[in-house]
Amino acid sequence: MTKNKTENGVSLFSRSTDLIGGDPLEEIFALNLGDFLTEHLISEELAQKIKKHDVKDKSTSLKKQLKELISIYSIKNTLSVLGFNNKEDYIIYNSIAKTIIQMLDIDACHIFLSKKYAKGLDKTDKDIVLVGTSVEFADDIYTHNIGYKLDSTEIVPSVFVSRKSVKLENLVQGAEFLPIADLNESEAKEYVAIPMHNNAESVGVIVLESYSDKKLPSEFKMLIEVTARLFAISMFLQELTEETANAIQDENISSSELQHLRAELTATIGDLGEQQQNFVEMLAKAVDAKSQYHNNHSQNVANLAKEICDYLGLNEKTTDLIYYAGLLQNIGKITLPEELFNKKGKLSKEDWDKLQNHPNIGVSLLMSINFLSEVIPYIHYHRERWDGHGEPEGLKGYSIPLGSRIIAIADAYCALIADRPYRAALSKEKALEIMSEESEIKWDPVIVEALEAIINER
């Protein structure tokens, strides 16, 4: 098997794991010199336009570049939840809050936005407005006018201004914590407030509450911090695209103003890409934390899957998609109770049914995050078998997506060499022996050979 890299395919995330310690903004700013090109960010045609410095009408050229950029980064292509003009649209925030409590196994979640971003809900005397909650209301929550003044000493305004998360335990009512009766906050024993902010400004605050003595794991808190920042950057990007769209229509705008917009837009795109990567990695850590995979199972699967891709000579885009699918192939577990994954005794049929169906839960979650949509097939089919006796479709051989075949083998090997509640870790020799025995039954034989070559070279 050759290790030559296929030339086609450049990834949105670029360089996968190698990018984690780097600074993508350096490459993003290179766009202004015409040196930055990635498949999902800038088209080749636009890159060529940027390289042309002899265009007679520079403003026209800049406007064409900006028009293409904002067509790519419209609201439908980001995690933005902007564009709302009336309160009926804000039901989506209630759904987000309910999803968060399900993922984190907490009791309540409330989402507040600044009046500036709470379009349609800005006819209020509050500076920070409740736009979504997991708490069920018999009537319209927005008629309750729940929110805060910025000069208040309470937690939410303080977090909004400082842009620093606050976690409180053993809550006592006082100037810092005045429970909102409509949100059942008097029941809270743990209270976590997380700022939503981008590099330019604060956007809002996400509040997490637990009514029991159960503490929120640090991995879950970090996941919501990344999610909050990702939302805030997406909101700012949407605001920028609207501003840019108006600038394109302005016949009197100067080239320098257009250049400034382009620099700000591309920098924000770079920040968005970085936070998307952080989001995926923190989501994987949260999955492992809930499953109590203390050996970073998801990260190990993703790393091994990437090694297999490199060995097989797959292009960069495909490698990165498989890497992220490897991180998230157990994403369904985050919506299931952690007790289920730590039972040492025999699992009930109901328990097994929940476990067997977990990828479908994860796929549903990923479908709502459209920058990850391309990894869905890899996750959905990673429990198929080479002989056609797998799930969910009973696909056979090469009809199973290549990414799914790679993830399945990486996942199985990493599981075999790790401790589990029901058995001790196997040696790499024993694990490879089992994988080899199941080659052409469960696994693609070519990928098994690649796995053996990689592990034996270590």
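Pro392 sits in the loop between helix H12, residues 376–380, and helix H13. In this predicted model, the peptide bond joining Glu391 to Pro392 is cis, with omega at about 5°. As background, most peptide bonds are trans, and most residues other than glycine have a negative phi.

That brings me to phi. Which residue has a positive phi of about 60° although it is not a glycine? The residue is Arg163. You will find Arg163 in the loop between helix H5, residues 155–162, and strand S4, residues 166–169. Its relative accessible area is 31%, so Arg163 is partly exposed.

Glu440 is another case: its phi is positive, near 70°, and Glu440 is not a glycine either. This residue belongs to the loop between H14 and H15. Is Glu440 buried or exposed? Its relative accessibility is 55%, and the cut-off for exposed is over 50%, so Glu440 counts as exposed.

Stay with the loop between H14 and H15, since Asp444 is also there. Asp444 forms a salt bridge with Arg405, and the closest N and O atoms are 2.7 Å apart. The two partners come from distant parts of the chain, 39 residues apart: Arg405 is in helix H13, residues 402–416, while Asp444 is in the loop between helix H14, residues 428–437, and helix H15, residues 445–457. Now, accessibility. Arg405 has a relative accessible area of 10%, so it is buried. Asp444 has 4% relative accessibility and therefore counts as buried. The cut-off for that word is under 20%.

How many salt bridges does the count come to? The count is 17. I will go through two more of them.

In one of these, the side chains of Asp271 and Arg229 meet, with an N to O distance of 3.2 Å. This pair also links distant parts of the chain: Asp271 is in helix H7, residues 255–291, and Arg229 is in helix H6, residues 218–249, with their positions 42 residues apart. Asp271 and Arg229 are both buried.

Between H6 and H7 there is a loop, and Asp250 is located in that loop. Asp250 has a relative accessible area of 31%, so it is partly exposed. Its C-alpha atom is separated by 9.9 Å from the C-alpha atom of Lys63, although the two residues are 187 residues apart along the chain.

The other salt bridge joins the side chains of Glu201 and Lys116, at 3.1 Å from N to O. Where are the two partners? Glu201 is in the loop between strand S5, residues 190–197, and strand S6, residues 202–210. Lys116 is in the loop between strand S1, residues 108–114, and strand S2, residues 128–133. They are 85 residues apart, so to speak in distant parts of the chain.

The accessibility of these partners can be read off as well. Glu201 is at 18% relative accessibility, so it counts as buried. Lys116 is at 44%, so it counts as partly exposed. The pair also belongs to a network of salt bridges, in which Lys116, Glu201 and Glu239 are linked.

To find these places in the structure, begin at the cis bond between Glu391 and Pro392. Then go to Arg405 and Asp444, on to Asp271 and Arg229, and finish at the network of Lys116, Glu201 and Glu239.

Note on methods. Residues numbered from 1 in each chain as written. Predicted model: local features only at pLDDT ≥ 70, side-chain atom pairs only at ≥ 80, totals over all residues. Heavy atoms only, no water. Salt bridge = Lys/Arg side-chain N within 4 Å of Asp/Glu carboxyl O. Helix = DSSP H or I, 4+ residues; strand = E, 2+ residues; numbered from the N terminus. Buried < 20%, exposed > 50% of the residue type's maximum accessible area, 1.4 Å probe, protein only.
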